[in-house]
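Hi,

Here's the structure I promised to send over. Have a look at it first, and then read on for what turned up.

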Amino acid sequence: MPITIKTIDDIARMRVAGRLAAEVLQVVAPHVKPGVSTAQLDRICHEHIVRVQQAIPANVGYRGFPATVCTSVNNVICHGIPSDAKVLKDGDIVNIDVTVIKDGWHGDTSRMYLVGSVPTLARRLVDVTREAMWRGIRAVRPGTTLRAVGKAIQQYVEAERFSVVREYCGHGIGKVYHDDPQVLHYDSPDQDRITLRPGMTFTIEPMVNAGARHTRLLPDGWTVVTKDRSLSAQWEHTVLVTDTGVDVLTRVPGDDNEPARNGL
Ligand code: MF3
Ligand code: CO
Ligand code: CO
């Protein structure tokens with residue numbers, strides 16, 4: 001399938017959607033503490049999107065998903081379903097993944113939160129995954145291929161002795177939530193077939209396991225966990241290929257989520 005190239009107008013709208021999605025992750029942040037349930041966090045995100053942003057929570061009803069955000073705790077890799085029964089406790093790590101639709105355009109982003117005081121290995125996993133995402137983002141430039149992204153991520157993660165999940169990937173995004181191309185987070189020669197062009201928009205959202213890369217889908221049909229029950233982390237941004245490099249559409253200005261960047 002051809003990859004859509006966004007116009008200047010499209011990009012302006014995607015910037016708005018991206019900013020709103022990033023704002024949700026900031027708004028919920030102070031609530032991510034021991035004792036809160038993942039359903040409470042979901043309600044906070046939902047209310048903000050619907051009432052304050054006057055936007056649409058893209059996940060609600062998406063292929064039957066029952067909530068506004070995915071909340072993936074500890075050994076959950078992705079697509080955790082918010083629940084009143086899932087109460088966060090000291091030492092947990094949790095990913096919150098949100099997508100908003102504004103004016104017909106999608107913004108998709110996720111980040112990790114540390115709950116209380118988190119053990120060293122878990123903190124290192126969170127940091128390595130964030131840096132892996134940024135290495136993928138920094139590999140984006142016009143004229144290169146998508147292979148550079150997955151290669152940068154896999155090389156770094158494996159040098160840190162963690163593993164990259166293969167069953168789930170990033171994706172083109174725009175008016176369509178999950179569009180072409182697939183953005184693999186590991187090296188694959190196939191990805192050399194996709195040359196990056198200004199105006200392409202896609203997500204980069206590596207999932208990294210502390211143990212083996214293998215996944216298991218729980219009987220609820222959504223929750224993906226590590227097969228070996230090891231911890232897993234994920235970070236996600238929506239990015240735009242520009243004439244000179246890359247622009248991150250879901251970045252929060254002044255936020256501390258990113259390491260120093262050069263010419264990004
Ligand atoms: N936001 C996820 C992604 O990064 C997809 C979640 S789909 C849902 O692509 F249905 F689980 F919400
Ligand atoms: Co997402
Ligand atoms: Co995504």
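The H1/H2 pair crosses in a right-handed sense. Bear in mind throughout that this is a predicted model. H1 covers residues 8-28 and H2 covers residues 38-52, and the two pack at about 135° with their axes 10 Å apart. An angle between 115 and 145 degrees counts as oblique, so H1 and H2 are oblique to each other. On the H1 side the contact is made by Glu23, Val24, Val27 and Val28, and these meet Leu41, Ile44, Cys45, His48 and Ile49 of H2. Sorted by class, that contact has seven nonpolar residues, one polar and one charged.

There's a second helix pair to compare. H3 (residues 120-138) packs against H4 (residues 147-159) at about 150°, with the axes 8 Å apart. Angles over 145 degrees count as roughly antiparallel, and that is therefore the label for H3 and H4. The crossing of H3 and H4 is right-handed. Val128, Glu131, Ala132, Arg135 and Gly136 from H3 touch Val149, Ala152, Ile153, Tyr156 and Val157 from H4. The class split for H3 with H4 is seven nonpolar, one polar and two charged.

Now the metals, which may be more your thing. The cobalt ion (ligand 2) is held by Asp97 (through two OD contacts), Asp108 (OD) and Glu236 (OE), at 2.1 to 2.5 Å. Its six donor atoms subtend angles of 57 to 163°, which makes the arrangement irregular. Along the chain, the donor residues of ligand 2 are spaced D-x10-D-x127-E. Asp97 sits in strand E4 (residues 93-102) and Glu236 in the loop between strands E13 (232-234) and E14 (237-241), so this pair links parts of the chain 139 residues apart.

For the cobalt ion (ligand 3), the protein donors are Asp108 (OD), His171 (NE2), Glu205 (OE) and Glu236 (OE), at 2.0 to 2.2 Å. Here too there are six donor atoms, with angles of 52 to 162°, so the arrangement is irregular. The donor spacing for ligand 3 reads D-x62-H-x33-E-x30-E. His171 is in strand E7 (residues 170-172) and Glu236 in the E13-E14 loop, so the pair ties together parts 65 residues apart in sequence.

And how far apart are the cobalt ion (ligand 2) and the cobalt ion (ligand 3)? They are 3.3 Å apart, and Asp108 coordinates both.

Cheers

Key: Residues are numbered from 1 along each chain as its sequence is written. Chains are lettered from A and ligands numbered from 1 in the order in which they are written. This is a predicted model: local features need pLDDT of at least 70, side-chain atom pairs count only at pLDDT 80 or more; totals for chains, interfaces and linings use all residues. Side-chain values use heavy atoms; hydrogens and water are left out. Axes are lines fitted to C-alpha atoms, for helices over the stretch in contact, and angles run from 0 to 180 degrees between N-to-C directions. Helices (H or I, at least four residues) and strands (E, at least two) are DSSP runs, numbered from the N terminus. Angles under 35 degrees count as roughly parallel, over 145 as roughly antiparallel, 65 to 115 as roughly perpendicular and the rest as oblique. A crossing is left-handed if the near helix is turned anticlockwise from the far one by less than a right angle, and right-handed if clockwise. Contact means heavy atoms within 4.5 Å. Ala, Val, Leu, Ile, Met, Phe, Trp, Tyr, Cys and Pro count as nonpolar, Asp, Glu, Lys and Arg as charged, and the others, Gly among them, as polar. Donors are N, O and S atoms within 2.8 Å of the metal (3.2 Å for Na, K and Ca); water is not among the atoms, so sites may look incomplete. Four donors count as tetrahedral if all angles lie between 85 and 135 degrees; four count as square planar and six as octahedral if opposite donors are over 155 degrees apart and all others between 65 and 115; anything else is irregular.
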